[in-house]
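Hi,

Here is the structure I promised to pass on. Have a look at it first, and then read my notes below.

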Amino acid sequence: MISPESKPETRLKGIGVSPGIAIGPAERLGKTLEEPEHLYIEAAQVAGEKARFSLALIATREQILELQEQISATEGENHSAIFDAHLLILEDASVLNEVLRVTETKLKSIEWAYYTVVKRYIDSLRKIADPYLRERAVDIEDVAKRVLKNLRWTVETADGSRSLQPNTRVLLAHDLTPSDTVSLDRKRVLGFATEIGSPTSHTAIMARSLSIPAVVALHEFPDDFSAGDVVLIDGYHGLVILNPDSATLAEYQSLAEREKSVLTDLEPLKHQETLTADQKKIILSANIEFIEELGGVSEQGAEGVGLYRTEFFYLSRIDLRTEENQTANYRTVAEATAPHGVIIRTVDIGGDKLCPELFENPEPNPFLGWRGIRLSLDEADDFRIQLRAILRASAFGKVRLMFPFISTLEELQGARTQLELAKEELRLIGVSFDEKIEVGAMIEIPSAVMIADHLAREVDFFSIGTNDLVQYTTAVDRVNDRVAHLYQPYHPAVIAMIRETVEAAHRNGIWCGICGEVASDIVMAPIWVGLGIDELSVGAAQLLRTRRAISRLDSTVCREMTDRLRTCGTSDAVRGQCLEMAAKSYPELLI
Ligand code: PEP
Ligand code: MG
């Protein structure tokens, strides 16, 4: 149990992007290798500094091994080889001896000595022309950051010996990119808070999938707040409380208990279908970004995966992109989601998900730039590698595929042509796949909504990507916190776009789902029921709440309410109507 600090409590207001409460010691994340304080020590302190160093090295070794095990279990052994290189760097005798010598002879603190020695290596590697060797600087920096972090966390215990503080943390960072979040040591992160960010950034989406409470857009952390101070993240209300006092801790204890009792109450829904009060069925599936989330998907009783965002797996490391690796990954998902199946979305790189080798020069407007299907069609060979891998996996379970970021009919037809080529390539070499694989289009751009009848004739289903649809309908960059208040899923124009898409799908005899974040907004559930949405794909952590909300709604009453929404001119008016119905139907779910 963490006892309150003597520093005064400070409350910071941001945007809650992933519900839940996290309390723990803070860790501030710097982007680069941060220079430690220049501290000299007394000769008598040398032994203590050496002990601290060996403790930090042992802890670093353990963390690297643990990560290696984790990656090897999820992605296969050859992908975890990079960590062997990290261990070699960590244990390089010439570096370690030099660090100890600097501390002994120059009486510099061990942090400063380590930093000076390692930094010299990094700087000289960065000057080398060979790109492979230059890249190694990144690995050394990665290991060095870990060692310095572990050095910061060694503390003197009551008996004078040194030990490492408990290793779970709340992360505080200026920003976390999706690739930072991919490489987070997930077991150790209790929650996180960032100075910038927005609810539909991919970092926020990942926090929700991983059930990590998170708050973004805090603007600035106070300067006097240091690593190790206690921090409380309230992901429900978008609050970050630094050095919470005992009254606050007690208040949050009771909130956590209330939340726990709601969750216990939802448990029986895990193995039930999702039916409205008048027995209309809606498929409730889950969104995933990593295969590690599959456990949560079946544990929460999802009917398969409605959106597998393949780019996170794709972005994390170049060597994961071979056809064999992708096939193995998709096959794992296909087998784990039987009998319901998985909808695999082809890569949606671009926007806030940039891979450095494709985006050497920044684009002026990445969200309006080279993204999703545009990039895939331009890189057709890589695209077909992914399509073949998806097709191969379709022999092992129910696999559907869908294309992101469709803005024209030609793009959808172009993507289908590549799919036919990929099928032909597999037939030629005698590889079997599901010849009747279903294909869908994501509807997330207003131009796609306006030609939905044409698009519907090309595919088996639509999945509405509201995260982008809101962004492009309202002209609000989804990751810009300055205009976050204008990012309004309840905007009447957004509701009209969704209505038009569902109606076009049904007119053309295909089904229509929603896989954006609003699918699990239980205040919006009456609209989804009223519009006759066929499928909702939500973060696994939000699944049971969504199922309970739907079970309390009557489709006829919801349809009447949804019709009345046509008369609303503002987001507030739309939200007001929905909230009234939600509060009447499932008040206990609205924390
Ligand atoms: C969306 O846009 O709603 C969506 C599901 O895709 P992404 O969030 O990955 O852009
Ligand atoms: Mg999208």
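Helix α3 passes helix α4 in a right-handed crossing, in what is a predicted model. Here α3 covers residues 93-106 and α4 covers residues 110-126; their axes come within 9 Å and cross at roughly 135°. That angle makes α3 oblique to α4, because only angles over 145 degrees count as roughly antiparallel.

If you would like to click through the contact, α3 brings S94, V95, E98, V99, L100, V102 and T103. From α4 come I110, A113, Y114, V117, V118, R120 and Y121. Sorted by character, the residues of this contact are 10 nonpolar, two polar and two charged.

Next, the aromatic rings. The count comes to six aromatic pairs. One of them joins Y308 and Y330, whose rings meet edge-to-face, with 6.1 Å from centre to centre and 85° between the planes. This pair links distant parts of the chain: Y308 sits in strand β12 (residues 305-309), Y330 sits in helix α11 (residues 323-336), and 22 residues separate the two. Y308 and Y330 are both buried.

One more residue for you to find is R548, in helix α20 (residues 543-551). Is R548 buried or exposed? R548 has a relative accessible area of 11%, and since buried means under 20%, R548 counts as buried. Leaving aside residues up to four places away in sequence, R548 touches D265, L266, L269, E588 and L589.

Happy browsing, and do write back with any questions.

Best wishes

Technical notes:
Residues are numbered from 1 along each chain as its sequence is written. Chains are lettered from A and ligands numbered from 1 in the order in which they are written. This is a predicted model: local features need pLDDT of at least 70, side-chain atom pairs count only at pLDDT 80 or more; totals for chains, interfaces and linings use all residues. Side-chain values use heavy atoms; hydrogens and water are left out. Helices (H or I, at least four residues) and strands (E, at least two) are DSSP runs, numbered from the N terminus. Buried means under 20% relative accessible area, exposed over 50%, partly exposed in between (1.4 Å probe, protein chains only). Contact means heavy atoms within 4.5 Å. Axes are lines fitted to C-alpha atoms, for helices over the stretch in contact, and angles run from 0 to 180 degrees between N-to-C directions. Angles under 35 degrees count as roughly parallel, over 145 as roughly antiparallel, 65 to 115 as roughly perpendicular and the rest as oblique. A crossing is left-handed if the near helix is turned anticlockwise from the far one by less than a right angle, and right-handed if clockwise. Ala, Val, Leu, Ile, Met, Phe, Trp, Tyr, Cys and Pro count as nonpolar, Asp, Glu, Lys and Arg as charged, and the others, Gly among them, as polar. Rings of Phe, Tyr and Trp (its six-membered ring) pair if their centres lie within 6.5 Å; planes under 30 degrees apart count as stacked, over 60 as edge-to-face and the rest as tilted.
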